[in-house]
Amino acid sequence: MRVGCPKEIKNHEYRVGLTPASAREYVAHGHEVLIETAAGAGIGAADSDYEAAGARIVADAAEIFATADMVVKVKEPQPGEWAQLREGQLLYTYLHLAPDPKQTEGLLNSGVTAIAYETVTDAHGGLPLLAPMSEVAGRLSIQAAAHALEKAKGGRGVLLGGVPGVAPGKVVIIGGGVVGKEAAKMAVGLGADVTILDRSLPRMRELNDLFAGRVHTRFSTPTAVEEEVFAADAVIGAVLIPGAAAPKLVTKAMLSGMQKGAVLVDVAIDQGGCFETSHATTHAEPTFEVDGIVHYCVANMPGAVPVTSAMALNNATLPFGLALADHGLAALNADPHLMAGLNVHRGKVTNRAVADALGYDLADPKSAIGG
Ligand SMILES: NC(=O)C1=CN([C@@H]2O[C@H](COP(=O)(O)OP(=O)(O)OC[C@H]3O[C@@H](n4cnc5c(N)ncnc54)[C@H](O)[C@@H]3O)[C@@H](O)[C@H]2O)C=CC1
Ligand SMILES: CC(=O)C(=O)O
Ligand SMILES: [Mg+2]
């Protein structure tokens, strides 16, 4: 198969779909690998590193979109990229379609077969291709909150760890999954007072054991969310209903009950956000203010630390990517967890959460690809 990796074009996105080490493995499997020039610049990988791995460097993304059987990326295709995708071509990347009707329409019109990293599953009920970036974003979320809390950045002027004789800041994490757990580790490490809200009692038992009394857990009801958010210095939005648009758990009305200069970090923004007042921002301009509350809503947080996150992402995407390159659509029929990643095929929506969120008929994935 011809496998192509264009340079990412989203704002301040420095990750790359294939590292040189991954390119080398595709080549070892007998595939031809095309890399857009400078695609790896953000992680310090030169064109010559890809050439040494056996890949061919091409001058622009157009050749990749026009000729590759499979396109491997990081972020959802941007409008100029949808237009170049083709029927019969595989697209393997993050998509986050439920809150993004325009992109969904673009992919459907292109006829492409699109596999979304974020809906590939594993045997333990996890999301193995989302998890590494959730780990990164969870850890980053506390850095982002601490920074935004500084007075000169528009925040309350609270130091999360406090100092001897002064109480620490209060961090409230809504959603105790991968993002939530990693955020809690960082917040605890800084010495903050940490509360995690979740709807899953088994998950809160795990977190309670893991943090050995160092975090509070609380069942997530609208009342609990309101009480916690009102007392918080920083709130991390980390909920997920896989594939679906995020539920709006903090409403605009609640902002007036919060402390002025408190910070909301909406990590769930890539699924539309879990705060009513959120809208996606970029690393160039990450925050905005509503009713005196600072909002940080960057949809590609791991793009800020591409050396760490491109490697972590490739560690997870490589085995499934090789299966797709080796076996094409048959790889989906052979692995229900990879099949769960199929969101769009030849003009049809094949993921239930996306179909429900956007009002499309659901096409059964197996019959859609003729399995
Ligand atoms: N902005 C960015 O750059 C990035 C965003 N993300 C996003 O972060 C979000 C969270 O991802 P993960 O932690 O991997 O998901 P996860 O599935 O591991 O955890 C989600 C948690 O939310 C909980 N939850 C569901 N409804 C809830 C409610 N009403 N109240 C409280 N908790 C609730 C679930 O029980 C679960 O524990 C996703 O939308 C993901 O796409 C992930 C990586 C990067
Ligand atoms: C998960 C995601 O959207 C990201 O890593 O950018
Ligand atoms: Mg996005």
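The following paragraphs lead from the domains of this predicted model to the surroundings of its two ligands and to one pair of packed helices.

The model is predicted, and local features therefore need pLDDT of at least 70 and side-chain atom pairs count only at pLDDT 80 or more, whereas totals for chains, interfaces and linings use all residues. Residues are numbered from 1 along each chain as its sequence is written, while chains are lettered from A and ligands numbered from 1 in the order in which they are written.

The domain assignment, whose bounds come from an automatic or database source, divides the chain into domain 1 (2-120 + 305-368) and domain 2 (134-304). The C-alpha centres of these two domains lie 30 Å apart. Across the boundary, 20 residues of domain 1 are in contact with 16 residues of domain 2, contact being counted where C-beta atoms, placed from the backbone, lie within 7 Å. Helix 11 (306-327) and helix 14 (352-358) each supply at least two residues of the side of domain 1 that touches domain 2, and the largest share of that side, four residues, comes from helix 11; helices here are DSSP runs (H or I, at least four residues) and strands likewise (E, at least two), numbered from the N terminus.

Ligand 2 has around it Lys75, Tyr94, Glu118, Leu130, Met133, Asp270, Asn300 and Pro302, a residue being included if its C-beta atom, placed from the backbone, lies within 6 Å of the molecule. Domain 1 and domain 2 each give at least three residues to this shell.

Ligand 1 is surrounded by 35 residues, of which Ser134, Gly175, Gly177, Ser220 and Met301 are the closest. The elements that give two or more residues to this shell are helix 6 (131-148), helix 7 (178-190) and strand 8 (193-198).

Two of these elements also pack on each other: the axes of helix 6 and helix 7 are 7 Å apart and meet at an angle of about 40 degrees, where axes are lines fitted to C-alpha atoms over the stretch in contact and angles run from 0 to 180 degrees between N-to-C directions. That angle makes helix 6 oblique to helix 7, because angles under 35 degrees count as roughly parallel, over 145 as roughly antiparallel, 65 to 115 as roughly perpendicular and the rest as oblique. Among the residues that make the contact are Ser134, Gly138 and Ile142 of helix 6 and Val179, Ala183 and Met186 of helix 7.

Note on methods: Two residues are in contact if their C-beta atoms, placed from the backbone, lie within 7 Å.
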